[in-house]
Amino acid sequence: MRKSMLNMLAFLVFSLQFLLAFNLTDGSYLQSPSYLFLLVAALISAIRLMTEMTAYVDAKPNAGSGLKAVVPSIFAMMLVMLWQSLVLGFAVSPVLLPSIKSIVISFVNNLPLLWADFQQTYLKAVLAGYVLGCSSGFIVAQLASKSLFLRNGLLPLGNFMSAIPIVGIAPIMVMWFGFDWQSKAAVIVVMTFFPMFINTLAGLQSVDHLHQDLLHTYGASSNQRFVKCQFFYALPFVFNALKLNSTLALIGAIVAEFFGTPIVGMGFRISTEVGRMNMDMVWATILVAALAGSLSYGLLALLEKRLLFWHPSVR
Amino acid sequence: MSSTISTKPWFALLSFIIGIVVIWYLAALLMNGKQLINTLERKKQDWTYTQVASQAYQIPRPMLPAPHQVAAQLNKSVFQVAIDSKRSLIYHTGITLQSTLLGFVLGAILGILIAVGIVHNRTLESSLMPWVIASQTIPILAIAPIIVVVLGALNMTGVFPKAVISMYLSFFPVTIAMVKGLRSSDVMHMELMRTYNATQTQLFWKLRWFSAQPYLFSSLKVAIAAALVGAVVAELPTGAQGGLGSRLLSGSYYGQTEQIWAALLMAALLGSVLVFVVGLAERVILSQRGNANA
C-alpha cells in the first residue's frame with residue numbers, strides 16, 4: 001500500500017515537472033534556484049519509476065511489446081524533460097542548443113521545405129543507391145560463393161574497404177556525376193556494396209554440410225541448392241547487412257551533399273542553416289533524418305521478423 | 001585437391017589489383033580524353049586520337065588522375081615539403097590521427113562503462129539498451145557540423161569537437177560487444193566464483209573482464225575504423241583548420257583532383273594501419289593467455 005502511494009507520488013512529481021518544463025520562462029532557474037529542487041525530485045522519481053517498472057515487467061513472463069516499451073519511453077521522457085528545462089531555465093543561447101519546443105515548432109512550420117529536402121535526399125538518392133548497392137553486393141557474393149578465385153580476390157579487398165573512410169569519395173563522385181542526386185546515389189552504392197557482399201558471402205557459406213549432402217543425394221541442381229537451401233541460410237546475414245546499410249546510406253547521402261547540391265536536400269539544409277546560425281532548423285532537419293533512419297531500420301526489423309520467424313534469433 | 005596457381009590466394013589478389021590498375025588507366029584515358037576533346041573543340045582546334053591519348057595522362061586537374069599522377073602528388077606532398085608546412089600531407093594526417101585516437105580512446109572507455117553498467121544493473125539495461133541501439137539509426141554524422149559549431153562557441157576548438165564525433169561513432173560497437181562479452185563467462189566458472197563467495201567486483205576483475213577481452217578487441221577494430229570516419233567527416237565543416245577531411249574539401253572547391261585522391265589514399269592507408277595495430281595488440285594480449293587462435 002505504502003509502495004503504491006510512493007509510486008503514485010513519483011508519477012505525479014514527474015508529470016508535473018514534465019509539463020512545467022514546457023512552460024518555464026527564460027532563465028527561471030537563474031532567478032529562483034528553488035525550482036531546481038523540483039527538477040531533482042522529478043529525476044529521482046523517474047529513476048524510481050523505471051526501477052519499479054523493470055521489476056514489474058521482469059516478473060511477468062510473457063509481457064507484450066507495449067509493456068516492454070514503457071521503461072525506455074520513461075527514459076526518453078526524462079531526457080526530453082532535462083533538456084527542455086535546463087535550456088529554458090538557464091536561458092541557454094539557442095545557438096548552442098535550442099529547446100525541444102522550438103525544434104518541434106520549426107519542424108511543424110517548415111514541413112513543406114523539409115519534405116522537399118526529404119524527397120531529394122531520401123526518396124531519390126538514398127533509395128536508388130541503396131537498392132543498387134545492396135543488390136549488386138548480393139549478386140557478386142552469390143557468384144563469389146561458387147568461385148574460389150573471386151573469393152580470394154574480393155574478400156581481402158572487402159576487409160580493406162571496411163577499414164577506410166569511404167565517404168571520402170564523395171567529392172570525386174560529385175565531380176563525376178554532377179550536383180544532383182545521382183552523385184549521392186553513387187557514393188551510397190560504393191558504401192553499401194562491401195558490407196552486403198561480406199555478410200551475404202558469410203551467410204552463403206554457413207550452410208550446414210548435412211543439408212548440402214542431402215540435397216546432393218537428391219541430385220539437386222546448383223540453382224535448386226541455392227533457392228531451397230543456401231538462400232535461407234544467407235537471409236539472417238542479408239538482413240544484418242540491410243539494417244547496417246540503411247544507416248550508412250543516409251549518412252553517405254547527407255555527407256555527400258556537403259560537397260555540393262542543387263539548393264535542396266538535407267545535407268544542404270544543414271550546412272546552410274549552420275552558416276546562418278539558424279539552429280532550430282538544423283535540429284529540425286536532424287529530427288527528420290533521425291525519423292527516417294529509425295523508421296527504415298524499424299521496417300527492416302519488422303520484415304526480418306516476418307520472414308525469419310523460423311530462425312532461432314527471432315523465436 | 002588440385003593446387004594449381006589459380007587457387008592460390010595471392011594469385012587472385014594480385015590479378016585483382018592488376019585488373020583494378022588497368023581499368024583505372026583505361027577509365028582515366030576515357031574520362032580525361034573526353035574532357036580534353038571538349039576543351040579542344042571549344043577552342044576550335046583540330047585533334048587526333050593519338051594526340052588525345054598521349055596528352056590524357058598529363059593534363060592538369062584531370063577528371064580521374066591516373067595512378068602515377070596520384071603517386072607523384074603523394075610523393076610531392078609527403079616527402080618534398082617540410083612536415084610542419086600546411087602543404088604537407090603528413091601534417092594533415094597528424095591532425096586527423098590526433099582526433100581519431102582521442103575519440104577512439106574516449107569512445108572505448110565510454111562504451112566499456114556503459115556495458116559494465118548495463119550488465120550490473122537491470123534497470124539501466126531495460127532503459128538504456130534500446131536507446132543505445134536507436135542512437136545508431138540516427139545518421140549522427142549529420143550532426144557533425146553542429147557539434148563543431150556548438151563547441152566552437154564554447155571556445156573549444158581544435159581536436160576536442162572532432163574527437164566527440166569520433167567518440168559517438170566508436171562507443172556503440174564497444175558497448176554491444178562488451179555486453180555480450182561480459183555475459184559470456186563460462187557458467188561453471190561463475191558457479192565456482194559463487195561458491196568462493198566472490199563479490200561482484202571480484203567476479204568482474206577475476207572472471208568477466210577476461211572472458212570479455214576477445215569480444216572487446218574485435219569491437220575495437222570496428223571502433224577505430226569508425227573513429228577515423230568520424231574524424232574525417234568532422235573536419236569537413238571546420239574548413240581550413242587542417243586535417244585530411246579539409247584537404248578533401250579544399251580539393252573539391254578548387255578542382256584539385258590529385259589532391260583529393262592523395263588525401264583519400266592517405267586516409268585509406270591510415271585506416272588500415274590503425275586496424276592492423278589494434279589487431280596486433282589483440283594477438284599479443286590474447287596469445288599471452290594461450291588463446292592464440294583468436
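**Chains A and B: domains, contact and cores**

The domain assignment of chain B, whose bounds come from an automatic or database assignment, gives domain 1 (5–64) and domain 2 (89–288). This is a predicted model, in which local features need pLDDT of at least 70, side-chain atom pairs count only at pLDDT 80 or more, and totals for chains, interfaces and linings use all residues. Residues are numbered from 1 along each chain as its sequence is written, and chains are lettered from A and ligands numbered from 1 in the order in which they are written.

User: How far apart do the C-alpha centres of domain 1 and domain 2 of chain B lie?

Analyst: Domain 1 of chain B covers 5–64 and domain 2 covers 89–288. The distance between their C-alpha centres is 39 Å.

User: Which helix of chain B gives the largest share of the side that touches chain A?

Analyst: Residues are in contact if their C-beta atoms, placed from the backbone, lie within 7 Å. The contact takes 46 residues from chain B and 48 residues from chain A. Helices here are DSSP runs (H or I, at least four residues), numbered from the N terminus. The largest share of the side of chain B, 10 residues, comes from helix 5 of chain B.

User: Which helix gives the most residues to the largest nonpolar core?

Analyst: A nonpolar core is a set of buried Ala, Val, Leu, Ile, Met, Phe, Trp, Tyr and Cys residues joined through C-beta atoms within 7 Å; buried means that 20 or more other C-beta atoms lie within 10 Å of a residue's own, exposed means 12 or fewer, and partly exposed lies in between. The largest core has 134 residues, of which A:I188, A:A289, B:M178 and B:I224 touch the most other members. With 17 residues, the element that gives the most to this core is helix 9 of chain B.

User: Is A:M277 buried or exposed?

Analyst: A:M277 is in the loop between helix 13 (266–275) and helix 14 (279–307) of chain A, and its phi is near 60°, a positive value in a residue other than glycine. Because 12 other C-beta atoms lie within 10 Å, A:M277 is exposed.

User: What percentage of residues 137–307 of chain A is helix?

Analyst: UniProt, in an unreviewed entry, places the feature "domain: ABC transmembrane type-1" at these residues; such annotations may be inferred rather than shown by experiment. Over residues 137–307 the end C-alpha atoms are 20 Å apart, strand is 0%, and helix is 84%.

Technical notes: Helix = DSSP H or I, 4+ residues; strand = E, 2+ residues; numbered from the N terminus. Contact = placed C-beta atoms within 7 Å.
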